[in-house]
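I opened this model to look up a few things and keep notes on them. The entries follow the order in which I went through the structure.

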Amino acid sequence: MRIDAGRLVIEADERGRLTAVAPRRAPEHRYLTEVDLAPGLVTDQDRVQADTGDGLVSERADHGWGEPAIEVDADEVTVRRRLAGLELTLRHGFSTGWTTRLLIVNTGATDAHLERLPLTVRPAPGHRVSAHAAGSRLCWAVQAEDGQGPVLAARLTAGSVDRVTVDGLELGPLRLAPGRRWVAQLRWDLYATPRSVLVGPGRDVLVERTAYEAGEGVLLPEDPDAALVVPQGVEVDLVEEPDRSGREVVADEPGRHRIELRSADGDVRLDLTWVRPLADQLAVWAAQILSGRRTPAGVVALDDVPTALVLQAALGAGGLADAEQAADALDRLAARLQDDVAEGSAAGAAPLWVLYLLGEHGRTGDEDLLGAALELETRLLAEPGPPPPGLGLAVLRTVLAVGGSDHPDRLNPLLALAVARVARVDGGRGGPVGEPRPADLELLLAVRPLLPDDPARQSRLLAHVRALGAALGGGLPGRLLAPPPVAEHAHLVAVLRMLPERGAGDPGLSAVTRSWGAPPGLLAQRATLEVLDRLAPPAADGTAAAPLDGTAAAWLSLVPRHG
């Protein structure tokens, strides 16, 4: 059956399951492909297994909710189910937009324990979900991967959500005494842009993000009716300033903490993470690298370029305790790469090699290293096919290293190759971008000042930028439920840092970035912290170190040099 719900069109099957949710103006572009109550995990106290010595253990099992009874009228779809003394009513109302209401009543004679109560909310292919569940607060939004079109967002108007997953919302655990009821209600709305999800009347966004630098405060609104509960390691400060006031929570050390606001209106549970600042984390990684294998001569054996880039960045930032050892290790690898380039044996060479050699030239002033970097970069630019990640960054770093117009004899031929490579990519597209690639955008941004005005290329640029924003969540509240692989995630941050903060006089680019929930610089910083949380998650005991993902860490190490 097809239902018109304001700006949305919704389809449901004979079991009351919603099978399609799409904008009314473009019904073929679905946001969701399923909304339904999934089997829950119920603790059944009527079937006791055994006494383990510590007490009786109840049997746990996933339970479906029995055959549904379906009621349909002009503006409602109602699904009723019963199981073991529980009566569940899932009702979708469409009289004023779309609302979803779940009512659970314990009609039995004993307590009912629901450890899991999942509501399946499955996004359509080609869409990304950003979310943050915080008890009686929920931020949940889905947008297209290409960044086009409105955003579908859900707001919790009653009840609570324990957590969000890629499959939907976890509403449990619940305990209901005989005769008691529990209600949760969601309100679904379309918003023009990610920014409009955050800004405007009736928005229910308590915190926009969940990852912070150690020592960074998180301002919570002052509510005399809510008790603020924080764990050990988190401090609370009262803020009373003309433009901001409330209670600020802060952790000075890396860690994951649950912050609670308890009140009669419902408990808010914020799961927040504090991570080391990037410079501090680079130093930690550098110490980890320097503790690795050594050559017979006692030099740290750097075997891969991404790891070396991390060490190079940490040494350049200063304050490294083993600076001499780091320099020796970097010298050894640079000499090997230089020989490989000279001999034409740099098999598997990538733009990260160029960036490393340019960094070593900047550190040592060795002109031979610059020559090797330029030779290798020339080869990479002349290759056919789409540009590899890092090529645009290498072009930008080369301009800085060569000194711009002071050495046109060395720089101009390389820039001409870069412009030609962009033209080949454009020619291969033959029209508007189908699947934007961050590496294409990276090279395009590097040489954009050298390109003639071209409406088709401008259209492709904006398509790339919209997709880049969506790939990083577009500044929507919470985090992406299914982020890109961590190395790709870190590369996206490096590319985002190349965007001008205010569009640099480009109205089209400004319009795209203003539609995000945060400007490019803040979105890049937020994404950096999320990648750091993935690369170096705070250990439960505060001591264990996660294995180093060299490629992802290398992309982050390049951020301070051009961001």
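The notes below go from the whole chain to single strands, helices and residues.

**Entry 1: the chain as a whole**

I noted before anything else that this is a predicted model. I looked up the secondary structure and found 14 helices and 27 strands in the protein chain. I then checked burial: of the 563 residues, 50% count as buried. The exposed area of the protein chain comes to about 24900 Å², and carbon and sulfur atoms supply 49% of that. For contacts, I took those with a separation of 6 or more; residues 24 or more positions apart account for 64% of them.

**Entry 2: the nine-stranded sheet**

I traced an open sheet of nine strands, with antiparallel pairing, in the order β7-β8-β9-β10-β19-β15-β14-β13-β27. Which strands stand at the edges? They are β7 and β27 (479-480); each has a single partner strand, so one side of each is left without a neighbour in the sheet.

I followed the β7 end further. β7 covers residues 69-73, and five bridges join it to the antiparallel strand β8, residues 76-83. For the register I noted one pair: Ala 69 has Arg 80 in β8 as its bridge partner.

Val 72 also belongs to β7. Is Val 72 buried or exposed, or partly exposed? Its relative accessibility is 45%, so I entered Val 72 as partly exposed, since buried requires under 20% and exposed over 50%. Together with Met 1 and Ile 70, Val 72 forms a nonpolar patch on the surface, and the three have about 230 Å² of accessible area together.

**Entry 3: strand β24 and its partners**

I turned to β24, residues 244-250, where five of the seven residues are buried, so the strand is largely enclosed by the rest of the structure. How many bridges link β23 and β24? I found seven, with β23 (residues 235-241) pairing in the antiparallel sense. β23 and β24 form a hairpin, and two residues lie between them. Within this pairing, Asp 237 is opposite Glu 248 of β24.

β24 also pairs with β21 (residues 218-220), again in the antiparallel sense, over three bridges. There I noted Val 218 opposite Val 249 of β24.

**Entry 4: helices α10 and α13**

I compared each helix with its expected span. α10 (residues 455-471) has 17 residues and reaches 24 Å from first C-alpha to last, close to the expected 24 Å. For α13 (residues 520-535), the 16 residues should span 22 Å at 1.5 Å a residue, and the end C-alpha atoms are 22 Å apart, which agrees.

Then burial. In α10, twelve of the 17 residues are buried, so the helix is largely enclosed by the rest of the structure. Its buried residues include Arg 457, Arg 460 and His 464, as well as Leu 461, Leu 462 and Val 465. In α13, twelve of the 16 residues are buried, so this helix too is largely enclosed. Among the buried residues of α13 are Arg 526, Glu 530 and Asp 533, along with Leu 523, Leu 529 and Val 531.

**Entry 5: Met 498**

Where does Met 498 sit? I placed it in the loop between α11 (486-496) and α12 (507-514). Its relative accessible area is 14%, so I recorded Met 498 as buried, the cut-off being under 20%. I also noted its distance to Leu 396: 102 residues apart in sequence, 9.6 Å apart in space, C-alpha to C-alpha.

How values were computed
Residues numbered from 1 in each chain as written. Predicted model: local features only at pLDDT ≥ 70, side-chain atom pairs only at ≥ 80, totals over all residues. Heavy atoms only, no water. Patch = residues over 30% accessible without salt bridge, like charges linked within 9 Å, V, L, I, M, F, W, Y side chains within 5 Å. Areas by Shrake-Rupley, 256 points an atom, 1.4 Å probe, with all protein chains shown as cover. Salt bridge = Lys/Arg side-chain N within 4 Å of Asp/Glu carboxyl O. Helix = DSSP H or I, 4+ residues; strand = E, 2+ residues; numbered from the N terminus. Buried < 20%, exposed > 50% of the residue type's maximum accessible area, 1.4 Å probe, protein only. Pairing = 2+ DSSP bridges. Expected span 1.5 Å × (residues − 1). Contact = heavy atoms within 4.5 Å.
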